[in-house]
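Subject: Structure for you to look at, with notes

Dear colleague,

I am handing over a structure that I would like you to look at alongside the notes below. Please keep the sequence and the model open while you read.

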Amino acid sequence: MSTTLPAPVRTLLDAANSGDIEGFLNGFTPDGVVDDWGREFRGRSRIRSWSDAEFIGVRVSLTPTEIVDDDGVVTVTAQVGGDGFNGPSHFSFRVQDDLVTRMTIRA
């Protein structure tokens with residue numbers, strides 16, 4: 001891997017892998033956004049609904065294979081498993097202070 005994970009990104013990945021929805025949500029700013037292939041979910045309530053249906057709710061597992069920090073945007077390439085999508089994806093994170101403001105998911 002080309003860099004280490006910032007603590008806020010590690011918090012989200014660890015929470016997702018352990019099925020900890022509260023820990024996952026608390027890793028975002030109150031107005032944080034998940035952009036899942038162009039569908040945006042803003043705020044913890046909307047992120048929870050998305051996650052319950054498509055992420056933690058389908059027992060996602062994320063195994064990072066590469067980490068790149070490009071001018072403050074951390075992109076994690078991960079092998080995704082679980083009962084939903086399976087395969088490689090790119091997760092890009094914007095961090096403010098100790099929380100994630102945006103998580104963008106693309107192939």
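The notes below go through the sheet, two residues in turn, the pocket and some backbone angles.

This is a predicted model, in which local features need pLDDT of at least 70 and side-chain atom pairs count only at pLDDT 80 or more, while totals for chains, interfaces and linings use all residues. Residues are numbered from 1 along each chain as its sequence is written, and side-chain values use heavy atoms, with hydrogens and water left out.

The sheet is open and has six strands, which follow one another in the order β2-β1-β6-β5-β4-β3 with mixed pairing. Here helices (H or I, at least four residues) and strands (E, at least two) are DSSP runs numbered from the N terminus, and two strands pair if DSSP finds at least two bridges between them. Because β2 (39–42) and β3 (61–70) stand at the edges with a single partner strand each, one side of each is left without a neighbour in the sheet. On average, neighbouring strands of this sheet are turned by 20° against each other, direction ignored. Helix α3 (residues 44–54) packs on the sheet and touches β1 (28–36), β2 and β6 (99–106), and its direction makes about 40° with that of β1. For such angles, axes are lines fitted to C-alpha atoms, for helices over the stretch in contact, and the angles run from 0 to 180 degrees between N-to-C directions.

Two of the pairings can be followed residue by residue. β3 and β4 are antiparallel and share nine bridges, with T63 opposite Q79 in β4. Strand β4 (residues 73–81) is also joined to strand β5 (residues 87–96), again antiparallel, by eight bridges, and V76 has F91 in β5 as its bridge partner.

Is F55, in the loop between α3 and β3, buried or exposed? F55 has 5% relative accessibility and therefore counts as buried, where buried means under 20% relative accessible area, exposed over 50%, and partly exposed in between (1.4 Å probe, protein chains only). Leaving aside neighbours within four places in sequence, F55 is in contact (heavy atoms within 4.5 Å) with A16, F24, W50, V60, L62, F91 and M103. S89, which lies in strand β5, is buried as well, at 4%, and residues that S89 touches, not counting those up to four places away in sequence, include V76, A78 and I105.

F55 appears again at the largest pocket, where D36, E54, F55, V80 and F85 are the closest to the centre of the 17 lining residues. A pocket is, on a 1 Å grid over the protein atoms alone, an open set of points where a 1.4 Å probe fits, with protein on both sides within 12 Å along at least five of seven lines, and lining residues have an atom within 4 Å of a point. To this lining α3, β4 and β5 each supply at least two residues.

Finally, there are the backbone angles. Most residues other than glycine have a negative phi. W37, in the loop between β1 and β2, has a positive phi of about 55° although it is not a glycine, and W37 is exposed at 54%. D71 likewise has a positive phi of about 55°; D71 belongs to the hairpin of β3 and β4, which has two residues between the strands, and is exposed at 76%.

With best wishes
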